[in-house]
Amino acid sequence: MTTPVCSSASNGMRRPAAYPSFASYVRARQPVLLRTARSLTANPSDAEDLLQTALTKTYVAWERIEDHRAVDGYVRRALVNTRTSQWRKRRVDEFACDELPEPEPLPGGMDAAEQQALHDAMWRAITKLPARQRAMVVLRYYEDLSEAQTAEVLGVSVGTVKSAVSRALGKLREDPELDVVR
């Protein structure tokens, strides 16, 4: 007579059912497995990625797994192995040095925050322009198209592009948000 490996099996305790498909397994067990993944990593997004990777590995091996009642153990082992591989492969991008590296000063004496504020103000001012003028300014100055190319793209004459861009630049010069530049 053989002795049961699990005492709960001999007591008539209910054993988990085999899953007919991988999709049914994921639907049934995803919340539990996600909790396991969250215990392995601090970031919830990383936990979701970790679980997705482990489930991908499980899907590939689904046909080779003989006892589908033991799939949880397989997935948990895949979670742990994947997480271990991730932290072993991590790169350290910080190096100790005697002097702190300082970024090169930007031309014109502006720091990065001032430059970003100017960029944001410029886009807000451009969005106030009528659609046709806005399209011409964007094509001319952001896409760096010539007047002829801009006219061709928009299906208008070169003179129309010149006059509309001129009016748009005049409106931009008068915009109070762009006083910082002046």
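Valine 158 touches Glu147, Ala148 and Ala151 when residues up to four places away in sequence are not counted, a contact being heavy atoms within 4.5 Å. This is a predicted model, in which local features need pLDDT of at least 70 and side-chain atom pairs count only at pLDDT 80 or more, while totals for chains, interfaces and linings use all residues. Residues are numbered from 1 along each chain as its sequence is written, and side-chain values use heavy atoms, with hydrogens and water left out.

Valine 158 belongs to helix H8 (residues 158-174); helices are DSSP runs (H or I, at least four residues) numbered from the N terminus. With 34% relative accessibility, valine 158 is partly exposed (buried is under 20% relative accessible area, exposed over 50%, partly exposed in between; 1.4 Å probe, protein chains only). Serine 146 is twelve residues away from valine 158 in sequence, and their C-alpha atoms are 9.6 Å apart.

Turning to the interior, the largest nonpolar core (buried Ala, Val, Leu, Ile, Met, Phe, Trp, Tyr and Cys residues joined through side-chain atoms within 4.5 Å) has 18 residues, and Tyr25, Leu51, Leu55, Val75 and Leu79 have the most contacts inside it. Two or more residues each come from helix H2 (22-40), helix H3 (44-61) and helix H4 (71-89), with H2 giving the most, six residues. Beyond its neighbours within four places in sequence, leucine 55 contacts Phe22, Tyr25, Val26, Leu33 and Val75. A second, separate core has eight residues, among them Ala121, Ile126, Val137 and Ala168.

Helix H2 also holds serine 24, which counts as buried at 16% relative accessibility.
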